[in-house]
Amino acid sequence: MEKILEILEGCCPGVDFETETALIDNGILESLDIVMIVGELSDEFGIEITVDDLTAENFNSAEAIFNLVNKLKEEE
Amino acid sequence: MSVNGAYFLLFLLISAVFYYAAPKKIRWFVLLCASVTFYLLNGIKAGLYLLATALFTYLASLLLGKKPSVADGEDPASVKKRDKRRKRAILAPALIINFSVLGVLKYGGFFVTTVNTLIGRTAIPLPSFILPLGISFYIFQTSAYLIDTAKGKYPPEKNPLKYLLFVCWFPQMVQGPINRFDLLSGQLYAGSPLDWENIRTGLLRMIFGILKKAAVADALAPFVADVYSNYQSRSGGVILLGAALYCLQLYCDFSGGIDLLCGASQLFGIKMSENFRQPYFSTSLADFWRRWHISLGEWMKDYLFYPIALSKRFAKITKFAKKHMSPGSAKRVTPCIATFIVFLAVGIWQGPGWQNIAYGIWNGTLMSLGLIWAPVGARIRKRLNGRTAAVPLLIWGIIRTNVIVVIGRYFSNSSSLTQAFTMLGRTFSFAPSGDPKYTLAAYFDTFMTVRLAVACGLLIFISALKEKGIDPIESFCRKKWYVQFAVLSVCLVIIVIGIYANSNYVPISYVYENV
Amino acid sequence: MNAKKWFLMFISALLFAVLCWIGLNVAVDPFNAFGDPVMDWGGYTQTLNPRNSKVTYVTKNFDKFDSYVIGSSNAASYLPETLNKSFGGSFYNMFHYGSDTAYDVKLVKYLTENDDVKRIFLVLGMSEANHVRKNSGDLNDKENYRVTGESPLSYYAAFAFASPGHAFKKLKARSEDEELPKKADVFIQESGCYDKRIRDAEAIGTLEEYMQLHSDDFPAANSKSELARIDECLNDVAEIKRLCDISGTTLTVVFTPVYIEQLELFTDESIDRLFSGLANITDYRNYSVSPISFDARYFYDLTHTRNATADMVIGAEAGEKDIYLPEHFGYEFSSSKIYSAAEMKNTAKDAICSRQAVRVPVLLYHNTNDNSKQSTTNIHSDELRRQIKLIKDNGYQFVSLEDVKNYVYRGIPLPEYPVLLTFDDGYSSNYSTAYPIIKEEGAKATVFMIGCSAGKNTYKDTGKKMIPHFSIEEAVEMSQSGYVSIQSHTFDMHQYKKFEENTPARTSANRFKEESMDEYYNAVNSDIDLQNTLFTDGGLDEPYAFSFPKGKVNKTADAILVSRGYVFTFSTDKSRVNEIAPGLGQSLVDLGRYTVSSNTTDKQLLDYLAMNG
């Protein structure tokens, strides 16, 4: 989780990722940010995040991202 | 049948009457008949092209949506893998064929001229293809459908006529928006009940769209057209004004047309995707592309940007970059490349011609630079005092973005690359007018200036309401009946006397109608 | 309000908008389909669509008119004013753009069946037998349902649902409209004729000058063809005769004067067939070929006769005795007597060759004060007397304005070498010094007086001294003697800038730059009014001759003066050849004059007279 927060802040400084729960819905994270984040996450955790995984449910909060990462890690 | 004329309104009236008179189950069929009639009135040949694309993508989608046959005891993972390979084998050629139709019809001539210029003589004869109405939109729409069915997002539509309705639903044929199957089809097939609120919203939206186009866009068109055709003798200042007013004209033309057609669609209870969200209030170029021609932007994001940015090949590029750069910069490389590719595509999409490609490059480059600049900008923003800096930063953002957009229009509305550069050159060198007889007053007499000022004032007001989240139609409908009657009467008097009954008003076809 | 009610409100707003559209078209009525109830601007509606507008107008006013002129623009110059005087009754001119005898039949049918018509005056020209104007199908060519038999509903619907652009055009024209005819408004509603106030006041000099000025309007014939629709034309004329016989209406048919180059476009054979065919239908007088066919000054352009020319035709038709008529003007055609085009042309050619041009030199003097030094504007009495004697000894005869007027309007010949003597400003010395000399030498003269200076020796109210001017009583005395005619040099448009309190000072009759056309029009008219009042109050006849202050001529002033009844206007152009053409009042406009100063030599004087001889 720590790592995830680190990646998030590295891509989008200034956002409070610990409390935000509408990162996609409120347009805080944009497509370019998502791509960078996904790239880092894939690299860091050795998972494959595809286009189909890019949903609001999966990226609206740091926690949701955490869950996604875990799910994909299990599938590997 | 031109969407600008009174016949279109008659067509809507007749279609709506049949629609609501028909039993709910076959209402979709009424829509199909109306759409086919509308499209065929634009040309039988064009209709055949459309039919071919619809049939082709229908069959391909059935193949793509087929459930994989499972052999006994087969491992689900291998089934998945096999299925994926099968789908790729069908999807890739299907998409290539679908886009090739667009490529040949729209860019065939350009390709031939370029080759001939390179060789130095007319080696290949110049082909003359017709451009079916809305081809730049429906090819994208059907391609998205193919990709979605391949992914299993939703099952493919089995009824060929119902699918045809999705492809040729008439309000979207003139200039989009590019609708998604999961959002549009349900509404098309369900058969809406007669809800007077839909009629009301639809009519108001149509009135707004008609006025935007006729009162602003068509009023500016002669001036803009003159600047762009006589750019060699117009002063630098006038050229700049021409490009800036072209931005206004294009917005009122395109969004006005969208308002008219979305309003028309709303009459049948069918909501299409939104295409504009107060684009000239954008604070950055990235923001602009989320507010301008939204359905195209969304298409590019979902079907071009994400797939290439998250592809394995690009992951390899990022890895390579990380070895040679700081990690902070390295992770931005592939998004930049992907952005550049997307905007190159947007430029190409505008139409054949090097100036359109230049338009794409202009936007792509600035978007990428914006991405690289982002962390620097964030650091600066952190340093500045939050509250006092907010408004000036906002204004700076809006001005900066609009300047970039205006410069872009030097390219997208020129007929050649040389023209665009000449116009830019003349603007930045403050070139004087080469035609002593030319005056702005010829285009902007008192009546025109006053009417443009009033129209722009209203536009800004309504846009500001929308930006604040207030629905102007809703708030209008809450006003007292005599206020509404007065406003409606004024609008309809202008529309009847100034537009539809007036033989002096010759409507210009929509800019994106011929793209 | 629920959405369903909203929809009903929307429909009412839409109906309201449609009503506004119809209302706009009915209220503004650019084509006079609804009687032009609000603007009543017949000049505009008739310019736009004469066929429709005139029928609407006369239908409303049947009680006013009992006789009609029928024809195309060939008939435009036949003025109801002249026709009423010569024939009695109350005429209206129904001419329309472009020849169309089939339409004329329908029109005559409508008029004779709906009004008690005493006389139909049918004007025929070459075009009636050669083509029919094509109907464009637009509203400005749409004919009145009463004449065509169209259902009134479809007629009114066509105009009620016309494009609002036409109404806006009329409103815009209204805001730009001026008194004098402008492109959008060239008709006079009350008569149905063109408003030719400007062209009827244009100065006409020699034929050569006129041809140079209007070379494009009189192209030489470069081909010859047959008249294309003789039989149809004859059938239509026969039908018109039949309709007039049924309703007891007198039918007068005239063939209008034709300019030679238009005649030469057609073969003599086809012209003869037309003329004789007409004679078999009805007796008529044929004015097509006469000496004036060879003189372009009697025409506005190749296909249109002047109002003055048509006045002569009307006079000839009515048997007026005391007007000028050219020789061999109007051949009487009947079934037993016809003339060929060739013989008419030869007769006319002979007459025109033996014609003598009449030219009138005009001399201009100002002050004749023996107590002041001689100068450009002051001549001593003995010098004046000597010059008068010199002129007489060289064979010239002094004539009066009346004499010249009688030549132009009544054809009464002038002496072989006439000369007009004029004095400008109205100085006292003219009365004390010049007048006795004129009487003694048996000369005739005209004095142009500045109205506001009459009887004064100080400038207006300023008390500043100026050269004394004679009084109205003195003017009356001179006028009643029969030797001197008192005319106008404006009432107060010859102001002296240094003394004048008003700015800008009106030192001439020209329009100020800041002045609008309508303001200028009013200024000139009120000056004329003031002058008229001064003259009539004093016992003089209203002036009919005008000399421009400082010689500054302008066309607009000429048009206003002529429309107010002025016959002569004078400049100070000494190089102008004052050729006057009988029957053409315009040849008395902008006559040039030679200013006699103390430096004028006898040779210069005689040379000027010879130039104009």
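# Working through a three-chain model

Chain C holds an open sheet of 6 strands, ordered E2-E1-E3-E6-E7-E10, and its pairing is mixed. Keep in mind that this is a predicted model. Let's start with that sheet.

## Exercise 1: The sheet in chain C

Work out which strands of chain C stand at the edges of the sheet, and what follows for them.

**Solution.**

Step 1. Write down the strand order in chain C: E2-E1-E3-E6-E7-E10.

Step 2. Look at the two ends. Strand E2 (91-93) and strand E10 (331-333) of chain C are the edge strands, and each has a single partner strand, so one side of each has no neighbour in the sheet.

Step 3. Check the twist. Ignoring direction, neighbouring strands here are turned by 20° against each other on average.

Step 4. Zoom in on one pair. Strand E1 (residues 67-70) of chain C runs parallel to E2(C), and 3 bridges join the two. You can spot Val69(C) opposite Asn93(C), which sits in E2(C).

Step 5. Now find the helix that lies across part of this region. Helix H10 (residues 230-247) of chain C lies across strand E3 (119-124) and strand E6 (250-255) of chain C, and its angle to E6(C) is about 155°.

## Exercise 2: Where chain C touches chain B

Find which elements of chain C give two or more residues to the side that touches chain B.

**Solution.**

Step 1. Count the contacts: 18 residues of chain C meet 19 residues of chain B.

Step 2. Sort the chain C side by element. Helix H1 (3-28) and helix H8 (164-176) of chain C each give two or more residues. H1(C) has the largest share, with 14 residues.

Step 3. Sort the chain C side by class: you get 15 nonpolar, 2 polar and 1 charged.

## Exercise 3: Two domains inside chain B

Describe how domain 1 of chain B meets domain 2 of chain B.

**Solution.**

Step 1. Get the bounds. The domain assignment splits chain B into domain 1 (6-193), domain 2 (195-272 + 431-515) and domain 3 (279-413).

Step 2. Check the spacing: the C-alpha centres of domain 1 and domain 2 of chain B are 31 Å apart.

Step 3. Count the contacts. Here 18 residues of domain 1 of chain B touch 21 residues of domain 2 of chain B.

Step 4. Ask who contributes on the domain 1 side. Helix H1 (6-21) and helix H7 (181-190) of chain B are the elements giving two or more residues, and H1(B) gives the most, with 4 residues.

Step 5. Sort that side of domain 1 by class: 12 nonpolar, 6 polar and no charged residues.

## Exercise 4: Getting to know chain A

Decide how the radius of gyration of chain A compares with the globule rule, and then see how chain A meets chain B.

**Solution.**

Step 1. List the secondary structure. Chain A has 4 helices and 0 strands, so to speak an α-α-α-α run from the N terminus on.

Step 2. Compare the two values. The radius of gyration of chain A is 11 Å, close to the 11 Å that the globule rule gives for 76 residues, so chain A is as compact as a globular protein of that length.

Step 3. Picture the box: along the principal axes, the C-alpha atoms of chain A fill roughly 30 × 20 × 20 Å. Of the 76 residues of chain A, 30% count as buried.

Step 4. Look at sequence separation. Among the contacts in chain A with a separation of 6 or more, 62% are between residues 24 or more positions apart.

Step 5. Finish with the neighbour. In all, 16 residues of chain A contact 20 residues of chain B, and the chain A side divides into 8 nonpolar, 5 polar and 3 charged.

Definitions and conventions
Residues numbered from 1 in each chain as written. Chains lettered and ligands numbered in written order. Predicted model: local features only at pLDDT ≥ 70, side-chain atom pairs only at ≥ 80, totals over all residues. Contact = placed C-beta atoms within 7 Å. Nonpolar A, V, L, I, M, F, W, Y, C, P; charged D, E, K, R; others polar. Domains from an automatic or database assignment. Rg over C-alpha atoms; globule rule 2.2 N^0.38 Å. Buried ≥ 20, exposed ≤ 12 C-beta atoms within 10 Å, placed from the backbone. Pairing = 2+ DSSP bridges. Axes fitted to C-alpha atoms, helices over the stretch in contact; angles between N-to-C directions.
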